[in-house]
Amino acid sequence: MIKVSENAKKRITALMQEDGFDAMQDFVRVGVKSGGCSGLSYDLKFDHSKAEGDKLFEDNDIKIVVDKKSVLYLAGTILEYSGGLNGKGFVFNNPNAQRTCGCGESFSL
């Protein structure tokens, strides 16, 4: 459902440790909410627990939790990380997005 690139895995694992989360047990919560310059924006945070209706996916040893409403928007998405001077940080390569903004943080269908 959601794939995690090797660079994203390394960065997620490091950030989880810094924030007191354990990548072996805890989750990355990915969601979609209204907002952003293209209409919908991505929501990314760490979580210790799964809510009723959440879907759990695992890729590249990273556990990802997605709320029921966001699953359809995120099918086939690849989470990548681009660092360095010109890097954007976490980037969502979403095949469902018909239009994205220049910063890559919002999209529309």
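A residue is counted as partly exposed when its relative accessible area lies between the buried class, under 20%, and the exposed class, over 50%. In this predicted model, D43 has a relative accessible area of 26% and is therefore partly exposed. K45, at 44% relative accessibility, also counts as partly exposed. The side chains of D43 and K45 meet in a salt bridge, with an N to O distance of 4.0 Å.

The protein has 109 residues, of which 40% count as buried. Its secondary structure consists of two helices and nine strands, and these follow one another along the sequence in the pattern β-α-β-β-β-β-α-β-β-β-β. Among contacts between residues at least 6 apart in sequence, 51% join residues at least 24 apart. The accessible surface of the protein amounts to about 6300 Å², and carbon and sulfur atoms account for 48% of this surface.

Five salt bridges were found in a search of the whole structure. One of them is the pair formed by the side chains of K3 and D59, with N and O at 4.0 Å. K3 belongs to strand β1 (residues 3-4) and D59 to strand β4, so this salt bridge ties together parts of the chain that are 56 residues apart in sequence. The two partners fall into separate accessibility classes: K3 is partly exposed, at 45% relative accessibility, whereas D59 is buried, at 18%.

A further salt bridge joins D47 and R29, whose closest N and O atoms are 2.7 Å apart. This pair also links distant parts of the chain, as D47 is located in strand β3 and R29 in strand β2 (residues 27-34), with their positions 18 residues apart in sequence. D47 and R29 are both buried. The arrangement extends to D54, since R29, D47 and D54 are linked in a network of salt bridges.

D54 itself is placed in the loop that runs between β3 (40-47) and β4 (55-59). Although it is a loop residue, D54 has a relative accessible area of 10% and is therefore buried, the cut-off being under 20%. The side chain of D54 makes a polar contact of 2.8 Å with the side chain of R29. When neighbours within four places in sequence are set aside, the residues in contact with D54 are R29, V65, V66 and D67. The C-alpha atoms of D54 and S70 are separated by 9.5 Å in space, for a sequence separation of 16 residues.

A second buried loop position is provided by N94, which is found between β7 (89-93) and β8 (99-100). The relative accessible area of N94 is 10%, so this residue is classed as buried. The side chain of N94 reaches the backbone oxygen of Y73 at a distance of 2.9 Å. For D54, by comparison, the polar contact described above is made to a side chain, that of R29.

Key
Residues are numbered from 1 along each chain as its sequence is written. This is a predicted model: local features need pLDDT of at least 70, side-chain atom pairs count only at pLDDT 80 or more; totals for chains, interfaces and linings use all residues. Side-chain values use heavy atoms; hydrogens and water are left out. Helices (H or I, at least four residues) and strands (E, at least two) are DSSP runs, numbered from the N terminus. Buried means under 20% relative accessible area, exposed over 50%, partly exposed in between (1.4 Å probe, protein chains only). Contact means heavy atoms within 4.5 Å. A polar contact is a pair of N or O atoms within 3.5 Å; within protein, one must be able to donate a hydrogen and the other to accept it, and residues adjacent in sequence count only if both atoms are side-chain atoms. Accessible areas come from the Shrake-Rupley method with a 1.4 Å probe; for residues, only the protein chains shown count as cover.
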